[in-house]
Each structure stands twice: as structure tokens, then as C-alpha cells.
Amino acid sequence: MTDQERIQRMARRPINRRGFLSLMGASAGAAALAACTGPAGSVRPSGAASVAPSASAGGGASPAASFEVETELLTYNWSDYVAPENIETFKQRFGVENFGYDIFANNEELLAKLQGGATGYDIACPTAEYVTGMAEEGFLQELDLSRIPNMQHINPTFRKTAWDPEDKYIVPKDYGTTGIMYRKKLVPEPVTSWREFYDLTKGKYSGKTVFVDSMGDVFPFPLKMLGYSLNDNDPAHLKEAGDILLELAPHVHSLDSDTYQVKLANEEAVLCLGWTGPIVDLRADPATADTQYIVPSEGTLYWLDTWVMLADAPHPNAAYAWLNFIHEPEIQKIETESNGYATPNDAAKALVDPEMLADQAIFPPEDVIANLEGSLDHSGVQQRADIWAEFKSKIGG
Amino acid sequence: MTAAADVQTGAPEATYRGGGWRSRLLTALLVLPASIWYLFLLVLPLAIVLVFSFGSRGPRGGFTPTFSLDNYANVFRAVGVDPFINSLWMAAAGTVGCLLVGLPLAYYIATRAGSRKGLFILLLVIPFWVSFLIRTYAWFLILDPQLAVAAVRDLLGNPEFNLLGTPWAVLTGLVYGYLPLMVFPLYVTLERMDRTLLEASKDLGAGRWATFRQVTLPIALPGLVTGSILVFIPMMGEFVIPQILGYGRTFLVGNALYLDFLEFRNWPAGSAKAVLLIIVMLVTVTFYLWFINRGRRTRETSVL
């Protein structure tokens, strides 16, 4: 064996085990260094960290009654959903030093977090259909509307809604519709109804239609096309709607909630079942200024994003101050122009830039509003879930 | 192998003074941290998933404790067996892809790289530190129809040619994402290979391919098996890569699980699918190991 050992030792390269181990040590060191300078883990621009503490002099502006506003307000919201200048104004006027802004990606995440026991938030911004469920599970506080006098400016259509018939939990934030967006340059045919959308998707523009990846927003399309209410859960009607979706599945380009405007811009898709938010940017860019958005004639859903106060809010006075503040007409006007979504606040609407007011994609005309339906939360309806799962699995053939 | 040699010389026993129980206690204490880790982070979560799979969905989502086999009965109802079959295909293809790319790479680094061995390993490891999601999005940019792919499009003269949204993009993403996991076990095994055996084989008249097949490959086999398993199992559960690079058109088990847990909030149904996935993987890996090791025992002693 000794001869063998000697030969093996001669054949062995010098770097071998020792070199490998020292290399791993160097890698580990480099990793530790990388971790030190690591990325900013949190996505929230926490007020204390990113903004200098505001002057504590609120200028003596009238706070609500005799309630003292705390120096902190923690909100849980969609990303980029509040105009930064409004946050600044709020902080300075009420002497709030820390305005927390945590982000969730969708309502399910918000719900999952609350169900998982997250506490410490004052204000959240769910879509209206989730408010019913959140209230039932006891996550929300009933609002004392006498502390939010600016609610008087809200259009009656958005008061006492199907989701909150007694206005106990909701302060409306903004609303929009789910409709059809398309590149007029590339789609010369008229697109005014779900039926036309269906024909074009199945026929001439097969493979060039994008849907948003949201069960609640796609189901109204076949249901309304067939003339049913979009809250209809009759098994026979759902089956008909499901058949339509499955027929279309091979002709759909993809389901995409985040980058559908990119696909419209680079012409991978020409038709889109989507939301109105991106239209402002698409119109601003001259290359895509031909983008149109229409609310189909058969009707569609309108969604309502809402402000709610959480049951265990640690800073209720600041929360009430915010809810009242955000609906001051001037402030709400800045919100609308910054977000690109329609405001339910009539006084603010009168102040909005007329060009934006004239845009029917953002502010639908009165007769279209009559055709809009609010959608309730149907995520527990098994038949819808099955249809959606099958639809998703058959996308693109 | 070496373990057998140790038992014969009685080496481990002789190093512990005081006999059996103290050495057993020491062993138990050394293994304790890892056991606790596995208990709480592997066994317990699996048990929870198993329990959940027999429950039913709460009114607003989540889990209510009941005992029902509905979830298992309905596993294939909406999406059919397709996701499982697609996953098996994609994971197998991805493993083969990793092998085709990883084996030559590992062989080169182990035998031909010489003093630059460390550099190559570093180059392989560094991208692995970057977030998996970012690396996947990098491929989303690389395969962008308006960039490199456009050139290929012109070459082929086919205006509709696109890689994004096809299973090929998913395959590329899979192979790229898990390549280091295949290369490292292979590298370790090949690096320990006794070079003189190759010389002996050549002296005995075997050509390069015969040497590779009859000497190198059997020696690399343990690394190959480890690498394949390390790569196959995560690929079975992938959903990010099909969603981003495949535009969601390749519907895998991971995507079905995502729907159940995050969109329908139906944890019991998702848990049932997860348990089924685990069973499928256990069966597949066991079969694979049996297949590889069929004639192994006799060959092992002759090589070493």
C-alpha cells in the first residue's frame, strides 16, 4: 500500500483539499461582506428613515374637536397609491412625525396578514368586496362619521354600497372600471362590447389578447356577455360562462396583472381586458398614444378601493384626521391627478384638470355609470374556482 | 467502501475511552442541533400539511379542522392530471439539461482547470448569491422579443418566432437556475477521482469514449445521482419560472398550488395536492435510485 500511497501523493495536485477549503472561506467572507451592504430589505419608506422630521408646529390648524393627534400613523396600502405631497402636507399640518407606508401586493395578502395576526396598523386600503369579510372577522373598527365631516362631499352612488349598506366601515378612496384596452392603430375594427371583444380574441387577433390575472375581474366578461349579473352564482349560468372562457383559453396570450401595459406597448398584445390605471402613461407616450379604453356596452364591474380603520389601531386620532384630511377637495384633487383613478368626491371632481375629466376611461359618463355593478367576493365559490383553475391551465393552448 | 474498512480495523470505537454509553451520549449531543432543526423545519411542517389536507376551507378561506377525504377525491377535478405530468416532463427534461451542461463543466473544472479551479468555482457560485427571482427576470430581459431574439427571428425569417411563453424558455430558466446544484456534487466526485486509473485504462487499450464510459462515469455516478436528485426535486415544485418565462402557459403543479393557496385561499385543497406531489417525488426518486444501483454492488469493490 505504501508504494500506492506514494504514487497517489505524487499524482495529487497541490491545490486539492486545502485550496478548496480556503476558497470556500474566501467566498463566505465575501458573502458576509455582501450581506452587510445588503439591499434595503423593507419596501416601506418609513417616515422616520426617509424623511426629515417635520417641524412640530402644525401652524395651529384646527384639529378635530378636542382629540389630540398622535405623532405616528401607520398605513398598509397598495404601492404608490398616495400622492407624496399629500403625505407631507398631512405630516406638517397635524404634526405627525412618522407616516408608515407598508405595501401589500393584493387583497389576499392583506387578508392573509391580518388572519395571521399582524397588528400595529391604523389604516388599510382594501378593495370594497373584501371589507365585508374583514368586518365579519372583526378586523375593522366602526367609524364615527361625525369625525369625518368631509364625507359630505362623497357622491351618493358610493355611499351605503352593497358592501357596506350602513356606511359603518368604508371611506371610499377611488374607483375604476374593468374594461377593454386596445391599440386603435392595430385594431381598426370597432370595439364597443364584450361580444366584439370575444369575436376578435377568438378570430383575427388570436394569441394577441392579454387578460389581467384576476378571477374577480375576468368573470364579469362572460357573465355580462350572456346578460347575467356578474354576481350570479347559478350553476347553469356559471357553466355557460365557463364554457366561453374555456373556448377562449387557447387564444389568450397570457394572464398578466403587472406588465400588461408593457405588452400593449411593444405590440405583443393588441387587446387587453384590464384596468384603467396604465392608460395615463400609455397616452402620454407618443408611440402608444393611440391606446383606447372603453367600458363595454353590456356593462362591467366597478371596483372601489376604500380606506378602513383597523380594530386595534394604535393611533385612532391620527387615523380620523387622515380620513377627514384626504377628502378635503383640494387634497383629493391632488390625489386624483397623481393616481389617475376616478374620485368619488364630487367637490374634488369639480377641481380636477378638465382634460382628465373629459377622459371617459377615468371618469365614465353618467349613463355608463348606470351600467356598472359592484362585485362581491366570490373566491369561495367552488365552481368559479374550478373554472378559473381550468382556464388558467389551458391558456395559450 | 471506506466505512467498511473502518469497521474492520475497529477505529471509531478505539478513540473513545470509557466504552459504549459515553460515546453514544456524545454522538447524541452532536446530532441534537441538526435533529431539532429537522424536527421543527421539516417533520412538523410536513405533519401540518398532512393534517390540513384532511380539513376543509373556512368561510373566508384558510382552514377549518374537519376530517374529510374530499380534497384527495377532488385533486384532479379542475385541472386534471396534466399539471403533474407536465411537471414530471419539465423536471426530467431540466435534469437532463443540467446534466448535459453540468457534466462537461464539472469535468473541465476538476481535471483541466489546474490553478484556475478556484476562479471557476467562484464564477459559478457568485450568481447563485443573487436572488432567484432577479436571475429569472434577467432571462426575461435576455429573451425579450425586441432584443436578441429579434436577430434570431431575422435569421429564420419567421416573424412570429418567440422564445418567451414557450416551454423552451421555461426549460432554459430551469437549467440556468439549478445548474450549480448539479455541478458541485459532480465536481467533488470527479475531483477525487484517481487520475492514474485513466492512464491505466489507456494503457490497457481503451479509447477515450470507452474510458469515459467504463471508468469516469461509474466513479462520477454518486455525484451524478446526488446532483440529479438535488435538481429534480425543486424543479418539480417550480412555479415562478413557468409564470414569468412561460407566461403561465406551461401549467405545473406549483402553479396549481399557488392558485389554491393564494387565490382561492383553499389551504386544504392545496395541501392535498402538495401531499400528492411529495408522494410522486418519493416514488420517482426511489425508482431512480433503484434503477441506478441495480448492478452497483458488484462493481463498487472492483473500482476502489
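This is a short walk through a two-chain model, from chain A to the interface to chain B. The model is predicted, so keep that in mind throughout.

Chain A first. It has 397 residues, and 41% of them are buried. The secondary structure comes to 18 helices and 10 strands. Now the contacts. Take those in chain A with a separation of 6 or more. Of these, 78% join residues 24 or more positions apart.

One backbone detail in chain A. Look at A:Asp167. Its phi is positive, about 55 degrees, and the residue is not a glycine. Where does A:Asp167 sit? In the loop between helix 6, residues 128-136, and strand 4, residues 171-183. Buried or exposed? A:Asp167 falls in between: it counts as partly exposed, because it has 17 C-beta neighbours inside 10 Å, and buried would take 20 or more.

Next, the interface. On the chain A side, 28 residues are in contact with 34 residues of chain B. Which elements of chain A each supply at least two residues to that side? Four helices and a strand: helix 1 (2-11), helix 2 (16-36), helix 5 (107-115), strand 6 (252-255) and helix 18 (382-393). Helix 18 of chain A gives the most, with 6 residues. By class, the chain A side has 11 nonpolar, 11 polar and 6 charged residues.

Over to chain B. The domain assignment divides chain B in two. Domain 1 covers 17-46, and domain 2 covers 54-303. How far apart are their centres? Taken over C-alpha atoms, 31 Å separate the centre of domain 1 of chain B from that of domain 2.

Stay with chain B and go to helix 13, residues 253-263. Its buried residues are B:Val253, B:Gly254, B:Asn255, B:Ala256, B:Leu259, B:Asp260 and B:Glu263. A reminder on geometry: an α-helix has 3.6 residues a turn, so residues three or four places apart point the same way. With that in mind, look again at B:Ala256, B:Leu259, B:Asp260 and B:Glu263, which are among the buried residues of helix 13.

What follows helix 13 of chain B? B:Arg265, with a positive phi. The value is about 50 degrees, and again the residue is not a glycine. B:Arg265 lies in the loop between helix 13 and helix 14, residues 267-292. Is this one buried or exposed? B:Arg265 is buried, because 22 other C-beta atoms lie within 10 Å.

So, two positive-phi residues to look at on screen. A:Asp167 is partly exposed. B:Arg265 is buried.

Technical notes
Residues are numbered from 1 along each chain as its sequence is written. Chains are lettered from A and ligands numbered from 1 in the order in which they are written. This is a predicted model: local features need pLDDT of at least 70, side-chain atom pairs count only at pLDDT 80 or more; totals for chains, interfaces and linings use all residues. A residue is buried if 20 or more other C-beta atoms lie within 10 Å of its own, exposed if 12 or fewer, and partly exposed in between; C-beta atoms are placed from the backbone. Two residues are in contact if their C-beta atoms, placed from the backbone, lie within 7 Å. Domain bounds come from an automatic or database domain assignment. Ala, Val, Leu, Ile, Met, Phe, Trp, Tyr, Cys and Pro count as nonpolar, Asp, Glu, Lys and Arg as charged, and the others, Gly among them, as polar.
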